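This report describes one chain of a structure, beginning with a single residue and widening to the chain and its partner. Please keep the sequence and the model in view while reading.

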Amino acid sequence: MTSREMLLRKISTYAFAIHEYRLFLDTHPKDEAMIAKIAECEEKLKPLKKEYEEKYGPLKMSNENPRKWTWVNDPWPWEGE
Amino acid sequence: MFVYEKRLQYPVKIKQTNPKLAQIIISQYGGPDGELGASLRYLSQRFSMPVPELKATLNDIGTEELGHLEMIGAIVYQLTKNLTEEQIKAHGFDSYFVDHTTGVYPASAAGVPFTAAYIQVKGDPITDLHEDMAAEQKARTTYDNILRYCDDPDVIDPIRFLREREIVHYQRFGESLRILTDKLDSKNFYAFNPSFDKKCFEKEKNNRK
């Protein structure tokens with residue numbers, strides 16, 4: 001596994017946990033403990049995303065570098081590279 | 001609206017091509033219980049959902065299904081990458097190849113193109129939520145059947161992830177149905193359409209006053 005894949009895997013792990021808490025909250029919107037867990041995960045996810053985007057380019061188009069357009073760069077997610 | 005994130009929900013990295021397996025797995029792209037149908041079903045049904053929790057659940061699960069569609073597309077793409085003409089013929093992929101080459105086309109394993117007839121939007125949330133729970137179980141069975149044909153751990157891993165998501169979504173839709181029926185008078189469960197016949201929520205509204 002490349003260091004890029006490793007970092008992306010960490011990002012996806014926290015992002016998935018957050019997604020799961022959110023779906024749970026859709027049917028249990030008053031569960032404050034779950035809301036707190038999202039904040040915990042967000043705190044871990046934020047620096048990972050920042051590191052990834054600095055090294056490998058934007059995950060979201062809105063986070064693109066203001067001076068050059070790297071969004072188009074390979075690989076795209078479905079390419080498995 | 002939707003914003004794209006340049007990553008898969010769960011990683012797909014397949015080293016060994018396998019056109020036979022691709023032809024089976026494509027059913028979860030455009031087949032009767034596939035991810036395209038799932039996303040269209042939930043994102044269309046959400047418009048007529050009467051309760052906030054239900055709107056959120058349909059919206060957010062429907063969005064996740066688009067991510068699953070992308071994962072299945074990635075699996076099919078990677079399983080058919082760099083195929084030789086001999087491999088295509090030897091693995092029985094020629095019947096797909098003649099129409100789509102190695103493009104990813106929404107069709108079932110038997111080659112039937114995707115149709116909106118696979119889904120329903122009944123405009124009655126009790127009916128729609130029952131369909132959604134059934135849809136999750138049908139997709140789960142399809143993934144179970146796909147796993148019978150998988151011996152490549154690179155394919156088994158993401159397929160298992162997708163199978164587990166069906167079970168979680170089934171749970172959330174079950175809770176959604178309960179949230180809805182809890183808001184109804186037990187006498188009018190099936191006498192009214194909670195989306196169309198607004199008066200079936202009157203009792204709850206009166207209670208709030």
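## A residue and its contacts

In this predicted model, B:Val76 is in contact with B:Ala22, B:Ile25, B:Ile26, B:Tyr29 and B:Val104, when its neighbours within four places in sequence are left aside.

## The nonpolar core

B:Val76 also appears among the residues with the most contacts inside the largest nonpolar core, together with B:Ile25, B:Ile26, B:Met71, B:Ile72 and B:Ile75. This core has 33 residues. At least two of its residues come from each of α1 (19-25), α3 (35-45), α4, α7 (125-148) and α8 of chain B. The element that gives the most is α4(B), with 10 residues.

## The chain as a whole

Chain B contains nine helices and zero strands. Its C-alpha atoms fill a box of roughly 75 × 30 × 30 Å along the principal axes. Of the 209 residues in chain B, 37% are buried.

Among the contacts in chain B with a separation of 6 or more, 75% join residues 24 or more positions apart.

## The contact with chain A

How many residues does each chain bring to the contact? Chain B provides 26 residues and chain A provides 17 residues. On the side of chain B that touches chain A, the elements giving two or more residues are α4 (52-79) and α8 (153-182). The largest share, 11 residues, comes from α4(B). By class, this side of chain B has 11 nonpolar, five polar and 10 charged residues.

Conventions:
Residues are numbered from 1 along each chain as its sequence is written. Chains are lettered from A and ligands numbered from 1 in the order in which they are written. This is a predicted model: local features need pLDDT of at least 70, side-chain atom pairs count only at pLDDT 80 or more; totals for chains, interfaces and linings use all residues. Helices (H or I, at least four residues) and strands (E, at least two) are DSSP runs, numbered from the N terminus. A residue is buried if 20 or more other C-beta atoms lie within 10 Å of its own, exposed if 12 or fewer, and partly exposed in between; C-beta atoms are placed from the backbone. Two residues are in contact if their C-beta atoms, placed from the backbone, lie within 7 Å. Ala, Val, Leu, Ile, Met, Phe, Trp, Tyr, Cys and Pro count as nonpolar, Asp, Glu, Lys and Arg as charged, and the others, Gly among them, as polar. A nonpolar core is a set of buried Ala, Val, Leu, Ile, Met, Phe, Trp, Tyr and Cys residues joined through C-beta atoms within 7 Å.
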